[in-house]
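Reader: I would like a close look at a single part of this protein. Please take one strand, say what lies beside it, and then put it in the setting of the whole chain.

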Amino acid sequence: MKSANILLYEDMVNEPRVYRFVKKTLDGMGLPYKDDGSAKGWLKNDLLSGARGGVPWDLVIIAVEYRAGISGEYFDYLMDVLNQGTSVIVEAYHLDQISQGTVSTILTKCGVQVYPYFGKTRTLVDLLIWPISGVDHPILNQPNSGLNFTKAIAFWPYNDLGDLVALTGQGDAQILMGTKANERSRDGVLTTCMNGQFTLMSFSSHSYSYQTVSPLWENMITNALRVRMESK
């Protein structure tokens, strides 16, 4: 892990009220990474050119939380790096808005469809999410177990809390967390697919404290790098 080539795009660099959860987690893990912040031009160049020396990235993290979003060609570039064997973690709230575009290739291969995650009660109850009952997966317990997302923070407006995921049956997607603890086929907010190579987090990190969400980020990063190294 210490020698992995990691690329980070995290658009919360534009939000002065908070610090960047993914960057802080990577720093705490002692991992090296190329930080593109929210610079889409840098991201495009790095996705196209690869890591130093032109070798494929081991892990690409796209944390799109600031409500600006990326779309279009960037998902073509992500599909290309997935085809190179790179592990990819995407945090996005807006996929339902662009699901008919280029991101559809990734969603179809994964075996999921997305639909809006709207606040209904307009209270913190809307933000409660749960590990799916009976699901045992490294992302849920390695190296951190006991993940708990029952203490939420109303940071983002309730009119769009992210996306919910439903399985289509076409890929190997597995829902790991959702708004209903006993629902394995829909209402998901954390999904893995492509033999663990692709992880989709379709809710916003800053709806929770750093102490709540950082252990999950550490687990996702650890799992993504393990999958990548085992495939080499």
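Author: What follows looks at one strand, then at a residue in a helix, and then at the chain as a whole.

The model is predicted. The strand chosen is β10, which covers residues 198-201. Its side chains point in two directions: F198 and L200 go one way, while T199 and M201 go the other way. This fits a general pattern, as side chains in a regular strand alternate between the two faces of the sheet. In β10, the residues on both sides are buried.

β10 has strand β4, residues 87-92, as a partner. The two run parallel and are joined by four bridges. Within this pairing, I89 is the residue opposite T199 of β10.

Strand β9, residues 188-193, also pairs with β10. Here too there are four bridges, but the strands run antiparallel. L190 stands opposite M201 in β10. The link from β9 to β10 is a hairpin, with four residues between the two strands. M194 lies in that turn and has a positive phi of about 55°.

For a residue in a helix, take T25, which belongs to helix α1, residues 21-29. The relative accessibility of T25 is 3%, and buried means under 20%, so T25 counts as buried. Once neighbours within four places in sequence are left aside, T25 is in contact with Y210, S214, W217, E218 and I221.

Now the whole chain. The protein chain contains seven helices and ten strands. Its radius of gyration is 16 Å, close to the 17 Å that the globule rule gives for 232 residues, so the chain is as compact as a globular protein of that length. The C-alpha trace spans about 50 × 40 × 35 Å along its principal axes.

Of the 232 residues in the chain, 54% are buried; the four residues of β10 described above are buried, and so is T25. Among contacts with a separation of 6 or more, 76% are between residues 24 or more positions apart.

As for the surface, the chain exposes about 9800 Å². Carbon and sulfur atoms supply 50% of that area. The chain has 20 positive and 23 negative charges, and the mean positions of the two sets are 3 Å apart.

To return to the part asked about: β10 is joined to β4 in parallel and to β9 in antiparallel fashion.

Methods:
Residues are numbered from 1 along each chain as its sequence is written. This is a predicted model: local features need pLDDT of at least 70, side-chain atom pairs count only at pLDDT 80 or more; totals for chains, interfaces and linings use all residues. Side-chain values use heavy atoms; hydrogens and water are left out. The radius of gyration is taken over C-alpha atoms; the globule rule is 2.2 Å times the number of residues to the power 0.38. Buried means under 20% relative accessible area, exposed over 50%, partly exposed in between (1.4 Å probe, protein chains only). Contact means heavy atoms within 4.5 Å. Accessible areas come from the Shrake-Rupley method with a 1.4 Å probe; for residues, only the protein chains shown count as cover. Lys and Arg count as positive and Asp and Glu as negative; His and the chain ends are not counted. The place of a charge is taken as NZ of Lys, CZ of Arg, CG of Asp or CD of Glu. Two strands pair if DSSP finds at least two bridges between them.
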